[in-house]
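Here is a friendly walk through one protein model, written to be read with the structure open beside it. Turn the view as you go and follow each stop in order.

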Amino acid sequence: MSGRRREEVNAITPSIAELTAAERDRILAKTALFNPPPITTADGRRELVGLSREELAAEMAAMGEKPFRAKQLWHWIYHQGETDFARMTSIAGPMRAKLAERFVVSRPEAATVQTSRDETRKFLFRFRDGQQVETVYIPDPEEDRGAVCISTQVGCTLSCKFCHTGTQKLVRNLGAAEIVGQFMAARDSYGEWPSPKDDKPRLLSTIVVMGMGEPLYNYENTAQALKIIMDHEGIGLSRRRITLSTSGVVPMMDRCGEELGVNLAVSLHAVTDELRNEIVPLNRKYPIEELMAACRRYPGASNARRITFEYVMLRGVNDSEAEARELVRLLRGLPAKVNLIPFNPWPGSPYQTSTHEQTARFAAILNEAGYSSPIRRPRGRDILAACGQLKTESERATRA
């Protein structure tokens with residue numbers, strides 16, 4: 001091709017970056033259609049949980065207060081876990097009364113709480129508009145710590161064939177207050193306030209954004225909630241202790257890495273586009289080649305902070321030794337680990353769990369190639385709290 005012809009083609013062909021930016025804008029515009037309701041009570045008071053530092057300072061400025069008030073409130077809300085202005089004793093009494101007239105500091109209502117035989121605890125949280133999501137605390141079986149699995153949407157739009165949550169239609173996105181509120185309410189349940197310092201053990205030591213919904217289809221609310229959680233003067237959870245899981249919303253993965261830098265987990269589950277198109281329909285939009293390229297671009301990925309690939313083991317579907325070898329080829333050169341997840345049955349599911357022997361053979365091939373491949377121990381199955389089992393009855397509600 002001549003230089004002039006190449007210039008002409010370049011002039012009319014959008015760059016990959018431009019196409020990605022355009023697709024991000026399209027995703028964000030579609031996200032807005034599922035925005036959560038305003039964070040105000042029936043009597044008009046505004047919820048302070050979920051506001052950024054800047055938004056909190058703006059609220060104080062609107063009252064004629066100086067910026068230090070926002071810092072005081074931040075400490076009480078996110079470090080102390082306080083919900084009652086009357087107990088915020090470093091603030092003068094008249095000011096506390098003024099705050100109580102205008103604002104609330106609240107939590108989602110725990111409609112039900114179930115504790116499994118293995119001590120996994122599942123919360124059904126209800127929000128002001130009656131919508132509900134499930135959140136799970138998974139304790140470490142050997143140490144006094146554990147992970148909180150939080151949700152980002154009511155329902156899900158991805159319809160992955162092996163996932164119970166995917167059978168529930170998307171109702172709406174969660175707001176930042178509703179996302180961070182799940183973690184704060186879980187802390188209430190375990191009495192873990194004030195926020196432990198770095199040298200003290202935390203029962204709720206990590207967060208996995210792996211509950212209901214696709215977090216990158218609700219990026220801005222999810223990002224604001226995680227920034228609040230990571231703020232060192234509040235909850236103070238390090239980004240190294242937060243893992244965000246995506247089914248592969250490629251245009252948003254770069255932004256997530258640049259702005260949040262949390263650990264990345266990718267729900268892969270297949271090594272060919274043909275199969276992944278079937279069981280993870282999002283693959284039709286962002287095929288495996290594009291997904292893996294986004295993983296290679298992800299900032300901060302290293303041997304110390306490997307990308308986790310989640311792979312649910314479906315008997316006779318994706319668990320052959322040939323597929324294990326193809327997975328090794330796909331991962332070549334990436335700092336990665338693979339979580340092999342025994343399929344967790346749910347009512348009406350069309351799949352069976354791979355046998356232990358086949359899963360072990362699959363894992364051995366990955367381990368021999370240098371990729372850590374633990375076989376996840378199912379937790380909370382008896383209360384439908386295991387991976388892929390989360391679902392509420394909220395789909396019966398229609399969006400207003």
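## Around Glu 192

The side chain of Glu 192 reaches the backbone nitrogen of Leu 203 at 2.5 Å. This distance, like the other values here, comes from a predicted model. To find the spot, look in the loop between H6 and strand E9 (206-209), where Glu 192 lies.

Is Glu 192 buried or exposed? With a relative accessibility of 8%, Glu 192 counts as buried, because the cut-off for buried is under 20%. Setting aside neighbours within four places in sequence, the residues in contact with Glu 192 are Arg 187, Pro 201, Arg 202, Leu 203 and Leu 204.

## The nonpolar core

The largest nonpolar core holds 108 residues. Which of them touch the most other members? They are Leu 73, Phe 162 and Phe 309. Helix H6 (residues 176-190) supplies the largest share of this core, with 8 residues. Residues of the core come from both domain 1 (46-104) and domain 2 (109-383), so the core lies between the two domains.

Phe 309 is a good place to zoom in. Apart from its neighbours within four places in sequence, Phe 309 is in contact with ten partners you can click through in turn: Val 266, Leu 268, Met 292, Cys 295, Leu 331, Leu 334, Ala 336, Lys 337, Val 338 and Asn 339.

## The annotated cysteines

Three cysteines, Cys 156, Cys 160 and Cys 163, are covered by the annotation "binding site" in an unreviewed UniProt entry. Two of them can be placed here: Cys 156 is found in the loop between strand E7 (153-154) and strand E8 (172-173), and Cys 163 is also found in the loop between E7 and E8.

How accessible are they? Cys 156 has a relative accessible area of 11% and is buried. Cys 163 counts as buried too, at 17% relative accessibility.

## Salt bridges

Side chains of opposite charge can pair when their charged atoms come close. In this model the count comes to 23 salt bridges. One of them joins the side chains of Arg 46 and Glu 59, at 2.3 Å from N to O. The pair links distant parts of the chain, with Arg 46 in strand E1 (residues 46-47) and Glu 59 in helix H3 (residues 53-62), 13 residues apart. Arg 46 is partly exposed at 29% relative accessibility, whereas Glu 59 is buried at 17%.

Another pair brings together Arg 126 and Glu 109, whose side chains meet in a salt bridge of 3.1 Å, N to O. Here two strands are linked: Arg 126 sits in strand E4 (residues 121-126) and Glu 109 in strand E3 (residues 109-115), 17 residues apart. Arg 126 is partly exposed, with a relative accessible area of 30%, and Glu 109 is partly exposed at 43%.

## Between helices, and a network

Next, look at Asp 254 and Arg 297, whose side chains also meet in a salt bridge (3.1 Å, N to O). This pair links helix H8 (residues 250-259), which holds Asp 254, with helix H10 (residues 288-297), which holds Arg 297; the two residues are 43 apart. Which side of the pair is buried, and which is partly exposed? Asp 254 counts as buried at 14% relative accessibility, while Arg 297 is partly exposed, with a relative accessible area of 43%.

As a last stop, select Arg 53, Asp 231 and Glu 233 together: these residues are linked in a network of salt bridges.

Terms used. Residues numbered from 1 in each chain as written. Predicted model: local features only at pLDDT ≥ 70, side-chain atom pairs only at ≥ 80, totals over all residues. Heavy atoms only, no water. Core = buried A, V, L, I, M, F, W, Y, C linked by side-chain atoms within 4.5 Å. Buried < 20%, exposed > 50% of the residue type's maximum accessible area, 1.4 Å probe, protein only. Helix = DSSP H or I, 4+ residues; strand = E, 2+ residues; numbered from the N terminus. Domains from an automatic or database assignment. Contact = heavy atoms within 4.5 Å. UniProt positions renumbered as here; feature names shortened; annotations may be inferred. Polar contact = N/O pair within 3.5 Å; in protein donor to acceptor, adjacent residues only side chain to side chain. Salt bridge = Lys/Arg side-chain N within 4 Å of Asp/Glu carboxyl O.
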